[in-house]
Amino acid sequence: MKLAMIGFGQAGGKIVDKFLEYDQRTNSGIVRSAVAVNTAKADLLGLEQIPEEHRVLIGQARVKGHGVGADNELGAEIAEEDIDEIQGAIDNIPVHEIDAFLVVSGLGGGTGSGGSPVISKHLKRIYTEPVYGLGVLPGGDEGGIYTLNAARSFQTFVREVDNLLVFDNDSWRKTGESVQGGYDHINEEIVRRFGVLFGAGEVGAGDNVAESVVDSSEIINTLAGGGVSTVGYASEDVELSGSSGGLLSRFKGDEGGSDMDTANTTNRITSLVRKAALGRLTLPCEIEGAERALLVMAGPSQHLNRKGIERGRKWLEEQTGSMEVRGGDYPTNEPRVAAAVLLSGIHNVPRIKELQQIAIEAQDNIDDIRQQSEDNLEQLVEDDEDELDPLF
Ligand code: GDP
């Protein structure tokens, strides 16, 4: 499907930048337009793919291009005040050519955390296209204020979008990596997962159309109904047949596929579906109780078959307890078969409860310190016997 992506804040801009790179590399055609919005000038300058005229610096009068310093209330205020400037960039998007908006941000900071719910609300009021959010939760080691920001932004963002797709940095951290290197790797993972998912609805007329291609309306219907979503992914390398006597072509019979091949293809698909759904999700959760699901099987069409997808889909029905499980294929020319599983309307998410608990503790702690601050300062500044007088 074709998306207009709006990256809000540093993480949002960098992830949208990566989506553009992915789009160029794979020809997936999912990013119809990309806009970056920030209160920090340096972050906008650091982007590589988003065209300069699509980068919007807001809040100059308030923060002079230096960012909001993880103050998400200020981030939200500035987004509201400068909504016309953001709209100016959105006016360049050919909205009749897109299927949906995707607003991307890290929820732990200030600009994206505060601004992305504001822009989503605005877009929903003006356009009829669905507005989806892609919200990134902070790592557990980032500290209380980031957790508090994320918990508050999460509540607001879910309310303002048609569906909030969540990625949890905490479950994707690798130890021993620099923060920057870590984010590069994490951003690749984000883009691969959501790229396969959204790319599925974008199979062109000239492409190798398979038996049951996923249409963008199936992605939209899976996300319809709102709430929170997570994505699972698993892949296995395969050889492209026809590539001068690869292993597969040697095994293949004259008709281009033996029973053995068919069985292998089916088994590979069903095991990838299980790995995707039971492995590391973008937001870890209990998959039982998910309201809707979509299975996308991507890969060379000779490695995809209806039977495998049907079995995978049935298995997802059993695991989620939902009757609304869609599935189909997404033919690509990559030497890899991949399963992407979108679980929408998830409810049993211990990570969110944990985040909220830590956020409440952080909030209480901040309130206590603020209340004591005046007394503490007075104790420090005033001399014990009150013998000194200030100058004026
Ligand atoms: P903002 O510019 O004020 O919106 O804040 P940032 O985007 O810099 O940071 C917000 C949160 O996003 C941080 O607390 C991190 O958890 C996360 N974050 C920052 N940069 C990246 C990134 O490149 N990738 C990912 N996945 N997360 C990031």
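Here are legends for an overview and a set of close-ups of this predicted model. Local features need pLDDT of at least 70, side-chain atom pairs count only at pLDDT 80 or more, and totals for chains, interfaces and linings use all residues. Residues are numbered from 1 along each chain as its sequence is written, and side-chain values use heavy atoms, with hydrogens and water left out.

**Overview. The whole chain, 13 helices and 10 strands**. Helices (H or I, at least four residues) and strands (E, at least two) are DSSP runs, numbered from the N terminus. The C-alpha trace spans about 100 × 40 × 40 Å along its principal axes. Of the 392 residues, 52% are buried; that label means under 20% relative accessible area, with exposed over 50% and partly exposed in between (1.4 Å probe, protein chains only).

**View 1. The largest cavity, with α1 giving the largest share of its lining**. On a 1 Å grid over the protein atoms alone, a cavity is a set of points where a 1.4 Å probe fits but cannot get out, and lining residues have an atom within 4 Å of a point. Grid points are joined across faces, edges and corners, and a volume is the space filled by probe spheres set on the points. The count is one cavity of 30 Å³ or more, and the largest cavity holds about 40 Å³ of space. Its lining is made of G9, Q10, G13, K14, A36, V37, N38, D43, L44 and L47. Two or more of these residues come from each of α1 (9–26), β2 (31–38) and α2 (41–45), with α1 supplying four. By type, the lining splits into four nonpolar, four polar and two charged residues (Ala, Val, Leu, Ile, Met, Phe, Trp, Tyr, Cys and Pro count as nonpolar, Asp, Glu, Lys and Arg as charged, and the others, Gly among them, as polar).

**View 2. Two positive phi values in the loop between α3 and α4**. Most residues other than glycine have a negative phi. K64 has a positive one, about 55 degrees, and sits in the loop between α3 (60–63) and α4 (72–81). K64 is exposed, at 59% relative accessible area. A70 belongs to that loop too, with phi near 60 degrees.

**View 3. F101 and Y127, a tilted aromatic pair**. Rings of Phe, Tyr and Trp (its six-membered ring) pair if their centres lie within 6.5 Å; planes under 30 degrees apart count as stacked, over 60 as edge-to-face and the rest as tilted. The model has two aromatic pairs. In this one, the centres are 5.1 Å apart and the planes meet at 45 degrees. F101 is in strand β4 (residues 100–106), while Y127, 26 residues apart from it, is in the loop between α6 (111–126) and β5 (131–137). Both F101 and Y127 are buried.

**View 4. R280 over the ring of W172**. The charged end of R280 sits 3.9 Å from the ring centre; the call needs NZ of Lys or CZ of Arg within 6 Å of the ring centre and within 35 degrees of the ring normal.

**View 5. Helix α9 and its buried residues**. In α9 (residues 216–223), S216, I219, T222 and L223 are buried. They lie on the same side of α9 because they cover an arc of only 125 degrees around the axis, the arc being that of the directions from the helix axis to the C-beta atoms. Just after α9, G225 has a positive phi of about 100 degrees.

Notes: On a 1 Å grid over the protein atoms alone, a cavity is a set of points where a 1.4 Å probe fits but cannot get out, and a pocket is an open set with protein on both sides within 12 Å along at least five of seven lines; lining residues have an atom within 4 Å of a point.
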